[in-house]
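Q: I am new to this structure. Please take a close look at one part of it, the packing of the interior.

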Amino acid sequence: LFRALSVENVIDVLSALLLEKKVVLISTLRALISHSALALINMLYPFYWPHVLIPILPDSLNAFLEAPVPFLIGLEQHSEDDKTEIPFEVMKVHLDTNKVLIGETLPKLPSNLCKNLVNKLKAAMVFQLQRPDPILDAVDQAFNVLMIDADERVEFNHYLVRDAVFEFMAKIL
């Protein structure tokens, strides 16, 4: 998720989900769509998403994009010319290009809390958690997510992300 979207865009999408808006994740990669959808849902903890979640919407069911309920739906983009009609009020999240298009203006989260969350999430991109127990360290290594670009290597610490988002959610309660 953080490889596809900037921290600020992830927070915008989380805000939309917290406000029970309609969100569509768009990418040419099915795995990226489904993993991003599940990551976003998990980041809502201690809240949960009681609404429609369709990690990959089949093309034959595009009419569901007109649903009058909040949803998080993934759409596979088959080509650059694929112009699936998405209603105006739906937040469109283009995972391949790091673009978030919002049809309607969303209320802003408290700026001091949001700034703190941004800083902590950015720090999680470079911080390497050290555990004193080598067995726990080996288990953690099995779940590390490496974000690799052609000319840079960034280690990503999912514990810091979880902690930062959880602290943020607790403060907005």
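A: What follows goes through the cores, one cavity and two single residues.

This is a predicted model, where local features need pLDDT of at least 70, side-chain atom pairs count only at pLDDT 80 or more, and totals for chains, interfaces and linings use all residues. Residues are numbered from 1 along each chain as its sequence is written, and side-chain values use heavy atoms, with hydrogens and water left out.

Start with the largest nonpolar core. A nonpolar core is a set of buried Ala, Val, Leu, Ile, Met, Phe, Trp, Tyr and Cys residues joined through side-chain atoms within 4.5 Å. Buried means under 20% relative accessible area, exposed over 50%, and partly exposed in between (1.4 Å probe, protein chains only). The largest core has 38 residues. Val-23, Leu-25, Leu-72, Val-93 and Leu-121 touch the most other members. At least two residues each come from helix 1 (7-18), strand 1 (22-27), helix 2 (30-43), strand 4 (91-94), helix 3 (111-124) and helix 5 (158-172). Helices (H or I, at least four residues) and strands (E, at least two) are DSSP runs, numbered from the N terminus. Helix 1 gives the largest share, seven residues.

Take Leu-121. Beyond its neighbours within four places in sequence, Leu-121 is in contact (heavy atoms within 4.5 Å) with Phe-2, Val-7, Ile-11, Val-161, Ala-164 and Val-165. A second, separate core has 11 residues, among them Val-24, Phe-71, Ile-73 and Ile-86.

Now the second largest cavity. A cavity is a set of points, on a 1 Å grid over the protein atoms alone, where a 1.4 Å probe fits but cannot get out; lining residues have an atom within 4 Å of a point. The space in this cavity is about 50 Å³. Its lining is Leu-113, Asn-116, Leu-117, Lys-120, Ala-164, Glu-167, Phe-168 and Lys-171. Helix 3 and helix 5 each supply at least two of these lining residues.

Next, Asn-9, in helix 1. Asn-9 counts as buried because its relative accessibility is 14%. Its side chain joins that of Asn-98 through a polar contact of 2.8 Å. Such a contact is a pair of N or O atoms within 3.5 Å; within protein, one must be able to donate a hydrogen and the other to accept it, and residues adjacent in sequence count only if both atoms are side-chain atoms.

Last, Val-52, in strand 2 (residues 52-54). Val-52 counts as partly exposed because its relative accessibility is 32%. Leaving out residues up to four places away in sequence, Val-52 touches Val-69, Pro-70, Phe-71 and Leu-72.

How values were computed. 1 Å grid on protein atoms, 1.4 Å probe; cavity = no way out; pocket = protein on both sides within 12 Å on 5 of 7 lines; lining within 4 Å. Points joined across faces, edges and corners; volume = space filled by probe spheres on them.
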